[in-house]
Amino acid sequence: MGRDERVMILGEDIGRNGGVFRATEGLWKKYGDERVVDTPLAEIGIMGSAIGLAITGMRPIAEIQFDGFMPSVFDQVVCHLGRIRSRSRGKMSVPLVLRAPHGGLIHAPEHHSESPEAYFCHTPGIKVVIPSTPYDAKGLLIAAIEDPDPVVFFEPKLLYRAARGPVPAGHYTVEIGKARLVKEGKDITLLTWGAMTVTCEKAAERLEKEDGASVEILDLRTLAPLDLEAVLASVGKTGRCVIAHEAPNTGSWAAELSALIAERGLLRLLAPVARVGGWDIRMPLFRLEQYYIPDADRVVMAARKTLSF
């Protein structure tokens with residue numbers, strides 16, 4: 001915001017209160033009411049206002065308090081956000097970032113813990129980003145703000161306070177559309193994104209210690225556009241793949257990844273691609289959350305089955 005006066009943020013409780021997860025703390029005091037705008041409790045109003053601001057020259061960042069509130073903005077996202085560049089034959093773009101906390105395991109009430117990334121990946125014209133480290137969160141967010149087109153930016157709510165890591169003070173970007181090789185291995189690929197990256201690191205430690213398996217972990221970081229080249233290179237090297245994520249498996253982004261790997265890399269597979277995701281039910285209330293979202297045990301079980309195929 002200090003580099004570009006067109007950048008502004010709008011959302012519920014993001015000003016004086018600093019946001020429910022304090023992600024915008026201090027910005028209202030520094031930049032004032034006109035660039036840090038507390039809005040009414042009306043998600044579709046936030047989205048519509050942000051689109052209007054973007055196509056008239058601003059670079060708005062629209063915050064939705066929780067991903068479970070995002071169905072309210074779907075009409076604006078599907079009918080306008082992803083279409084304006086195409087609809088105007090390139091005369092108008094929408095340089096807008098739609099931010100929302102993502103995933104579960106923070107013991108929140110209903111509608112506060114969801115994993116809706118597949119809905120947005122299915123909408124043409126929109127980029128979808130989910131970081132898993134503090135370094136990537138800053139670099140990808142700056143890249144999203146500077147992008148000429150709309151970016152949906154999901155922030156794993158489990159990692160807001162759990163993740164620790166170095167973050168450079170100055171301006172830097174992480175390229176949107178490039179996966180991160182978390183660790184190299186030769187026997188099996190764990191393909192993942194968001195908070196599940198941490199779960200996969202725990203699973204890899206166990207597989208290497210207890211099974212002697214060499215595990216590769218690929219953090220996608222960006223689901224759309226997808227770094228398919230990195231996915232195929234990793235799976236082509238190991239021949240085995242487990243996709244770990246928080247959303248229900250049916251119709252998930254893991255289903256699309258599994259299909260792409262089968263289409264483009266079938267002859268290099270040594271075992272069927274396995275998916276470890278949430279169950280095909282709504283996210284349960286907090287006392288049952290840990291049984292819904294995959295833990296390291298479920299990833300290890302799927303990997304062992306794939307390794308022994």
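These legends accompany four close-up views of a predicted model.

**View 1. Helices α2 and α3 run roughly parallel to each other.**
Here we look at helix α2, residues 43–55, beside helix α3, residues 74–81. Two packed helices are described by the angle between their axes and the distance between the axes. In this view, the axes of α2 and α3 cross at roughly 25° and come within 8 Å. Because angles under 35 degrees count as roughly parallel, α2 is roughly parallel to α3. On the α2 side, the contact is made by I44, M47, G48 and I51; α3 contributes Q76, V77, H80 and L81. Sorted by class, the contact of α2 with α3 has five nonpolar residues, three polar ones and no charged residues.

**View 2. F21 and F66 meet as an edge-to-face aromatic pair.**
The model has seven aromatic pairs, and this close-up shows one of them, F21 with F66. The two rings sit 5.6 Å apart, centre to centre, with 70° between their planes. F21 belongs to the loop between β1 (7–11) and α1 (27–31), while F66 is in the loop between β3 (59–63) and α3, so the pair ties together parts that are 45 residues apart in sequence. Both partners are buried: F21 has a relative accessibility of 15%, and F66 has a relative accessible area of 9%. If you widen the view, you will find that F21, F66, F69 and Y160 form one aromatic cluster.

**View 3. F120 and F154 form an edge-to-face pair that links distant parts of the chain.**
F120 comes from helix α5, residues 117–121, and F154 from strand β6, residues 151–156. The two residues are 34 residues apart. Their ring centres lie 5.7 Å from each other, and the planes make an angle of 70°. How buried are the two partners? F120 has a relative accessible area of 0%, and F154 is likewise buried, with a relative accessible area of 0%.

**View 4. Cysteines C79 and C121 in a model with zero disulfides.**
Why is C121 without a bonded partner here? The closest cysteine sulfur to that of C121 belongs to C241, and at 16 Å it is too far for a bond. For comparison, a disulfide needs two cysteine sulfur atoms within 2.5 Å. C79 is in no disulfide either, and its nearest cysteine sulfur, that of C121, is 18 Å away. As for their surroundings, C79 counts as partly exposed at 31% relative accessibility, whereas C121 is buried, with a relative accessible area of 13%.

Technical notes:
Residues numbered from 1 in each chain as written. Predicted model: local features only at pLDDT ≥ 70, side-chain atom pairs only at ≥ 80, totals over all residues. Heavy atoms only, no water. Buried < 20%, exposed > 50% of the residue type's maximum accessible area, 1.4 Å probe, protein only. Axes fitted to C-alpha atoms, helices over the stretch in contact; angles between N-to-C directions. Helix = DSSP H or I, 4+ residues; strand = E, 2+ residues; numbered from the N terminus. Parallel < 35°, antiparallel > 145°, perpendicular 65-115°, else oblique. Contact = heavy atoms within 4.5 Å. Nonpolar A, V, L, I, M, F, W, Y, C, P; charged D, E, K, R; others polar. Phe/Tyr/Trp six-rings, centres within 6.5 Å; stacked < 30°, edge-to-face > 60°.
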